[in-house]
Amino acid sequence: MTIPFNKPHLTGKEAHYMYQAVYNGKLSGNGEFTKRCQQFFEERYGFRKCLLTTSGTDALEMCAMLCDLQAGDEVIVPSYTFVSTALAFLREGAKVVFADSMQRNPNLDAETLESLITPRTRVIVPVHYAGVACDMDAIMSVAEKHNLLVVEDAAQAIDSYYISRKSKVESRKPLGGIGHLAAFSFHETKNITAGGEGGLLVVNDERFVRRAEIIWEKGTNRAEFFRGEVNKYGWVDTGSSFLPAEINAAFLWAQLENLDEIQTKRKQLWNRYYELLKPLADKGFFSLPDIPDYASNNAHMFYLVLPNLEKRTALIRHLKENDVLAVFHYLSLHSSAYYVNKHDGRELPNCDRYADTLVRFPMYFDLTLEDVNYVCSIIKEC
Ligand SMILES: *Cc1c(COP(=O)(O)O)cnc(C)c1O
């Protein structure tokens, strides 16, 4: 039997809550389950305002709209990321300036960040790759110095933390709660899902709260009307239909109720991979995932970095022959067909290296420790 790369997990309560949502007779968005999910995030992580969206991409598009960009404004985005991170800002007329990854892991390199800033720079978009934090103290201080907005792409980063040591006091900050705005994804490949597709917009800066609700509700002040704050509602701004139907929120609620159990199991699997592969990494066959001392691990992904493309291709092929599906990840966005002619020609060598050499292994709730033992034995054999 093949071990797939990903398999969505069902907690068992999804259909029950979806039935409840249907039976309540309130099917459209912003009902009871939507409110419950949003409140969950606001209370558990202290996020100022949360709005469920139909995808992580939509949450990023809302972020980009809230940044209120003018044509020619520049937005700094890592090149090693999913298309949506860049596309959301490009659609708003911004010029995307691609940043390289760090040497040690695929995250945006905070040390070279300042060299990319021009008088037109407006936004920095750190992506917490594999749920591992970017160096947020460094990024936020660059942003403050140049008066820039920070939008966290926390699509992979649910229940993960940045450990700040500012002025020698250690504090844990949840990812998605540090930048002015943030986006999470509940796509079926993420740690929890809203039934296939889903996302969350997080607003941490009070200035954006009201406008976020309006953009979410097709440019109307409908949310204020339902709270009784205004006596009629109408068209007041730009927007779109970003809110998911209640059955998706009901599905997500079943997953949120089990978040701790899901996270515990995923970390167990991740740690087993790490322990079994460490001896081979010590011998120099590949490098293990890097988790800096300022980051936590949410076990979104287990990956290795191979010495070159040929070795990675051989490993993926060998695993496939033994019924294990391992996959590579992003291709550099700065050299994509759509962007290559718009890119300023800078080389981004770390990004290109991860595009060629990073490989991801099966990681999902229903995977067993025995499965991980088997995958690691095949890697060893190769
Ligand atoms: C998954 C993902 C997205 C997009 O989320 P969707 O819910 O699939 O739209 C954006 N950025 C990153 C880094 C992701 O991993």
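**A walk around the ligand and its pocket**

The ligand sits in the largest pocket. Keep in mind as you explore that this is a predicted model.

Let us begin with the pocket itself. The largest pocket holds about 560 Å³ of space. Its lining is made up of 34 residues, and those closest to its centre are Phe-82, Thr-189, Lys-190, His-329 and Tyr-330. Which elements give two or more residues to this lining? They are H3, helix H4 (83–90) and strand E11 (358–361). Sorted by class, the lining of the largest pocket has 14 nonpolar residues, 15 polar ones and five charged ones.

Now move inward to the ligand. There are 16 residues around the ligand, and Gly-56, Thr-57, Gln-156, Ser-185 and Lys-190 come nearest. Lys-190 is thus a useful landmark, being among the residues that come nearest the ligand and also among those closest to the centre of the largest pocket. In the shell around the ligand, helix H3 (residues 56–66) has the largest share, giving three residues. H3 is also one of the elements you met in the pocket lining. By class, the shell around the ligand contains five nonpolar residues, nine polar residues and two charged residues.

Next, look at individual atoms. At Gly-56, a polar backbone atom is 2.7 Å from an oxygen atom of the ligand. Ser-185 uses its side chain instead: one of its polar atoms lies 2.7 Å from an oxygen atom of the ligand. At Asp-153, an N or O atom of the side chain is 2.8 Å from a nitrogen atom of the ligand. How much of the ligand's surface does the protein bury? Taken alone, the ligand exposes 380 Å², and the protein buries 93% of that.

Finally, turn to the enclosed spaces in the model. The count comes to six cavities of 30 Å³ or more. About 90 Å³ of space lies in the largest cavity. Of the 14 residues that line the largest cavity, Lys-7, Pro-8, His-9, Lys-190 and Asn-191 lie nearest its centre. Here Lys-190 appears again, this time in the lining of the largest cavity. By class, that lining has five nonpolar, five polar and four charged residues.

Terms used
Residues numbered from 1 in each chain as written. Predicted model: local features only at pLDDT ≥ 70, side-chain atom pairs only at ≥ 80, totals over all residues. Heavy atoms only, no water. Near = heavy atom within 4 Å. Polar contact = N/O pair within 3.5 Å; in protein donor to acceptor, adjacent residues only side chain to side chain. Areas by Shrake-Rupley, 256 points an atom, 1.4 Å probe, with all protein chains shown as cover. 1 Å grid on protein atoms, 1.4 Å probe; cavity = no way out; pocket = protein on both sides within 12 Å on 5 of 7 lines; lining within 4 Å. Sits in = over half its atoms within 2 Å of the grid points. Helix = DSSP H or I, 4+ residues; strand = E, 2+ residues; numbered from the N terminus. Nonpolar A, V, L, I, M, F, W, Y, C, P; charged D, E, K, R; others polar. Points joined across faces, edges and corners; volume = space filled by probe spheres on them.
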